[in-house]
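Trainee: I've just opened this one and don't know my way around yet. Could you walk me through it?

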Amino acid sequence: MNRHRLGRTGVEVTGLAFGASGIGNLYTEVAEEEAYEAVRAAWRRGIRYFDTAPHYGLGLAERRLGAALREHPRDRYTVSTKVGRRLEPADAGGDDLAHGFAVPATHRRVWDFTADGVRRILEASLERLGLDHVDVVYLHDPDDHAEQAFHEGYPALERLRSEGVVRAIGAGMNQTAMLTRFVRDTDVDVVLCAGRHTLLDQSALADLLPAALERGTSVVVGGAFNSGLLADPKPGATYDYAPAPAGLLQRALRMKEAAERHGTTLRAAALAFCAAHPAVASVLVGARSAAEVHDCADRFAARVPAALWRELRATGLLPPDAPVPAEEPP
């Protein structure tokens, strides 16, 4: 599988990346063996970039990912995790489904982008992962904590990078405005943008992706399927973790019909579109089973006919200037 460097660092990522939120019991429980097999399948398909966070299952995703990767040489893969949510023990009982994870509510999340918090959160992540270092650390969803993230959290990441504790630093969010500010105003190596550069939402083309290209900052694209609608568009499908609006559902169904007429699938087109922009280093896909991993790897490797892109543009389903595979960037 093709590899790309993150910014000006020596950190390499594969074009397709494994997101560990699913094996952190996102929405429903995943058995230990099933989680292990998902990571194992990713490795067999050539995926060497794995992303996780304390938020995912209150640390469960980090523990499972670390255990599954332990059988491989540390210098053969790249791991990223995130800081910004500190996990504190809690005795409230019940589950964590209010935050989206089917795990016991043994801890509570505390927003913390202070310098001390960043170090403490990372140290706890390393312990759960069973690693002495991670390659990439992102500030996780600092939307409502901009002041602290820029003036305390980011400088802390810079120090960790200069000390060699981490190799690359960045921010991960579901919006483009603040990520663009990180690209323009700081020395981040990479940003993780979820859901804003997809077949249904090209808002990152307006600010983030041009800025990243200009600055030499890498972009990892998450949310390629917009939380489900582009994976399997049908009534009841979700878009950005909520029921899909009727208009978007109809648009996704038209794209699916077009893809099938051209002998491909909507999932293949969704992944190919995300990867096509020259600033994008990797497309991050969450998977909870080996079957899901194999499907994503197959779709990612599939060639999407140029005729499909021409039709999507001609019918107004894609902007005429959106970069697509096998074409020069605008």
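**Finding the core**

Mentor: Sure, let's start inside. This is a predicted model, and its largest nonpolar core has 102 residues, of which Phe18, Phe50, Leu199 and Trp309 touch the most other members.

Trainee: Which helix gives the largest share of this core?

Mentor: Nonpolar side chains tend to be buried together in soluble globular proteins. Here, the largest share of the core is eight residues, and they come from residues 266–276, which is helix 8.

Trainee: What does Leu199 touch, leaving out residues up to four places away in sequence?

Mentor: Its partners include Leu230, Arg251, Met255 and Leu266. Leu199 also touches Ala269, Ala270 and Phe273. The list is completed by Trp309, Leu317 and Leu318.

Trainee: How many residues are in the other core, the one with Tyr138 and Leu284?

Mentor: That core lies apart from the largest one, and Val190 and Leu192 are also among its members. Its residue count is 13.

Trainee: Zooming out, what radius of gyration does the chain have, and how does that fit a compact globule?

Mentor: The chain has ten helices and 16 strands, and its C-alpha atoms fill a box of roughly 55 × 40 × 40 Å along the principal axes. With 330 residues, a compact globule would come out near 20 Å, so the chain's value agrees: 19 Å.

Trainee: What share of contacts between residues at least 6 apart in sequence joins residues at least 24 apart?

Mentor: His72 gives a feel for such a pair: its C-alpha atom is 9.4 Å from that of Trp43, 29 residues apart along the chain. His72 is in contact with Trp43 and also Tyr77, leaving aside neighbours within four places in sequence. For the chain, the share is 73%.

Trainee: Is His72 buried or exposed?

Mentor: His72 sits in the loop between helix 2 (60–69) and strand 5 (78–83). Buried means under 20% relative accessible area. His72 has 18%, so it counts as buried.

Trainee: Asn25 and Tyr241 each have a phi near 65°. Which one is exposed?

Mentor: Both values are positive in a residue other than glycine. Asn25 lies in the loop between strand 3 (16–19) and helix 1 (32–44), and its relative accessible area of 6% makes it buried. The other residue lies in the loop between strand 14 (238–239) and strand 15 (242–243). With a relative accessible area of 58%, the exposed one is Tyr241.

Conventions
Residues numbered from 1 in each chain as written. Predicted model: local features only at pLDDT ≥ 70, side-chain atom pairs only at ≥ 80, totals over all residues. Heavy atoms only, no water. Helix = DSSP H or I, 4+ residues; strand = E, 2+ residues; numbered from the N terminus. Rg over C-alpha atoms; globule rule 2.2 N^0.38 Å. Contact = heavy atoms within 4.5 Å. Buried < 20%, exposed > 50% of the residue type's maximum accessible area, 1.4 Å probe, protein only. Core = buried A, V, L, I, M, F, W, Y, C linked by side-chain atoms within 4.5 Å.
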